[in-house]
Amino acid sequence: MGNDSGSDSGVDDGIHDIASVIKEFADQPIWYGGQRHPGEAPAIAVRNPANEDVLSDLASASTEQVDAALAAARDAQYAWNRSGPSARSTLLHDMAKVLRDNAEVLAEVVMAESGKTWEMSHADVEVGAVMLDLNAEWALRIEGEILPSDTPTEEITIRREPLGVVVAICPWNWALTIACRKIGPALVTGNTVVVKPSEVPPLSTVLAMKLWHENLEIPPGVLNLVTGGGEVGKALVTNPISAMVSFTGHRDTGKRIMETASGTLTRVALELGSKAPAIVLKDADLDKAVPTLVQSRFWCAGEFCNATERILVERPIVDEFIKRYTAAVSELKVGDPRENPDFGPLANGAHYEKVDGAVQKARSEGATVATGGGRPEGADFEKGYWYAPTVITDVTEDMSIMRDETFGPVVPVLAVDSAEHAIEIANSSRYGLAAYLWTSSYASAMTVSRDLEVGEVFINRGSGEALHAHHGGHKESGYGGEDGKHGMVKYTQLKVVYHNW
Ligand code: NAD
């Protein structure tokens with residue numbers, strides 16, 4: 001994992017004293033008008049989930065600082081829009097390069113604040129860089145339209161224009177990636193941005209912001225960041241300068257944001273939670289389905305939005321599936337993130353309580369914990385937010401473990417009578433982000449994927465969306481939709497101009 005010092009080239013090549021690195025950038029975490037600022041509101045402790053040590057007491061932004069960040073973004077926006085697509089594309093590519101040049105130190109910070117394995121921590125940085133690169137490539141492809149007019153001397157054009165100031169409110173999982181997923185399309189389309197990372201793991205985004213501003217000539221006010229929790233988020237949404245709130249997080253927070261934004265009719269894009277079903281039909285290839293469904297639930301401790309949250313297996317193969325699946329899950333290794341186990345600790349204490357609460361509730365409702373079901377055994381796991389990979393059987397479709405999002409390394413398995421029965425149970429959820437389907441029948445693949453009320457279907461494969469495609473939910477998994485062309489245009493609005501000469 002690199003050596004003790006950074007290189008003279010400015011390209012970091014590994015660091016171990018992460019505490020002093022964090023201290024150096026966390027004392028002035030807020031950025032607006034091209035300047036760093038110390039927080040003026042009370043600090044929130046950021047903990048290492050592997051041992052509960054406090055990594056930083058990170059000061060939050062005051063309401064005045066939130067307003068100042070939004071005002072700086074508004075003042076910079078016209079000039080940024082006039083800067084032209086090539087300049088914006090170049091900046092985004094340069095920002096991606098800064099992330100890659102500093103991948104070691106950023107990944108160290110991701111790992112310390114989130115408990116992600118070393119490999120996943122690097123992925124958080126690299127996928128963030130890819131998000132910026134992919135959006136940079138849209139710069140020269142944003143097109144308008146020319147329409148005929150009834151007036152012979154007139155031409156009608158429809159332009160795609162920026163919205164103004166975009167507020168990017170981010171969750172605790174994949175913090176850096178998701179910040180870049182919003183910054184990229186917002187900036188490339190000519191908006192300026194105020195980012196609010198989650199209060200739980202804000203450090204990697206704060207460090208990225210410092211690296212971007214120190215290494216690149218970003219016009220003051222174009223890219224801003226405020227720290228803090230829900231109150232800071234609410235202050236951002238309430239301020240009429242905010243033209244769009246791009247939010248990823250919990251469904252209930254999304255509903256609150258929508259309510260607040262209604263006061264100013266501010267546009268909202270909501271990427272919310274999920275209860276993704278995996279349907280395993282009786283003609284599925286279990287040799288492939290079992291390991292792949294282990295991946296799609298337990299990768300990254302299950303802390304990703306489109307993970308498999310419940311498995312529906314056709315009755316003739318359910319016993320065989322449970323036997324093989326439980327055996328595979330009990331082989332998963334939980335441990336020190338540096339050693340690249342299958343997963344490390346859960347990301348934070350509140351999340352640990354939520355995951356464990358869901359499992360204990362399932363037990364009390366009569367379900368069986370086939371493997372896992374609590375903290376793994378051993379001295380290494382006494383402190384920190386460790387959770388054993390857990391499979392739950394003997395469930396009924398109305399149990400909360402089958403209905404509420406767990407977002408952790410826990411999955412219930414239910415027998416179903418047919419594909420139609422599986423679709424009915426899958427669609428009974430108010431969520432509709434993703435679904436998985438295992439079958440060897442093309443006809444079943446076509447009909448089931450058509451009837452599922454979700455935004456993305458993975459047939460005979462694990463998780464991991466194509467970053468140039470589209471990611472977004474149906475129903476209470478939100479609306480907005482990110483990535484690719486359809487995600488990018490959400491950050492624009494149309495203007496029609498009549499040219500009469
Ligand atoms: P959360 O809703 O608790 O917090 C998300 C952000 O909202 C944080 O920055 C928080 O400070 C802020 N916030 C809280 N109250 C607010 C308010 N009233 N106004 C404005 N901002 C407010 O979510 P979380 O626990 O950080 O994230 C986990 C959730 O995110 C899960 O439900 C998961 O499924 C979802 N998620 C969805 C996607 C997706 O693409 N659909 C991706 C990742 C995570």
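Domain bounds here come from an automatic or database domain assignment. The model is predicted.

**Exercise 1. Place the ligand relative to the domains.**

Task: Where does the ligand lie with respect to domain 1 and domain 2?

Solution.
- Step 1. Take the bounds: domain 1 covers 6–272 + 478–497, and domain 2 covers 277–466.
- Step 2. Check the shell around the ligand: both domains give residues to it.
- Step 3. Conclude: the ligand therefore lies between the two domains.

**Exercise 2. Describe the shell.**

Task: Work out which residues come nearest to the ligand, which elements contribute, and how the shell splits by class.

Solution.
- Step 1. There are 28 residues around the ligand; Cys170, Glu199, Thr253, Glu405 and His471 come nearest.
- Step 2. Sort by class: 12 are nonpolar, 11 polar and 5 charged.
- Step 3. List the polar pairs. A polar side-chain atom of Lys196 sits 2.9 Å from a ligand oxygen. For His250, a polar backbone atom is 2.9 Å from an oxygen atom of the ligand. At Leu272, a backbone N or O atom is 2.8 Å from a ligand nitrogen.
- Step 4. Quantify the cover: on its own the ligand has 860 Å² of accessible area, and the protein covers 90% of it.
- Step 5. Find the elements that give two or more residues: helix H8 (230–238), strand S10 (242–248) and helix H9 (251–261). The largest share, 3 residues, is from H8.

**Exercise 3. Test the cysteines for disulfides.**

Task: How many disulfides does the count give, and why is Cys180 not bonded to Cys170?

Solution.
- Step 1. Set the cut-off: the two cysteine sulfur atoms must be within 2.5 Å.
- Step 2. Test Cys180. Its closest cysteine sulfur, in Cys170, is 9.0 Å away, so the pair is too far apart for a bond.
- Step 3. Test Cys300. The nearest cysteine sulfur belongs to Cys305, at 11 Å, and Cys300 is in no disulfide.
- Step 4. Read the total: 0 disulfides.
- Step 5. Add the accessibility. Cys180 is buried at 0% relative accessible area. Cys300 is buried too, at 7%.

**Exercise 4. Characterise His37.**

Task: Is His37 buried or exposed, and which backbone oxygen does its side chain reach?

Solution.
- Step 1. Locate the residue: His37 is in strand S2, residues 35–37.
- Step 2. Apply the cut-off: buried means under 20% relative accessible area. His37 has 18%, so it counts as buried.
- Step 3. Find the contact: the His37 side chain reaches the backbone oxygen of Gln35 at 3.4 Å.

Definitions and conventions
Residues numbered from 1 in each chain as written. Predicted model: local features only at pLDDT ≥ 70, side-chain atom pairs only at ≥ 80, totals over all residues. Heavy atoms only, no water. Buried < 20%, exposed > 50% of the residue type's maximum accessible area, 1.4 Å probe, protein only. Near = heavy atom within 4 Å. Polar contact = N/O pair within 3.5 Å; in protein donor to acceptor, adjacent residues only side chain to side chain. Areas by Shrake-Rupley, 256 points an atom, 1.4 Å probe, with all protein chains shown as cover. Helix = DSSP H or I, 4+ residues; strand = E, 2+ residues; numbered from the N terminus. Nonpolar A, V, L, I, M, F, W, Y, C, P; charged D, E, K, R; others polar.
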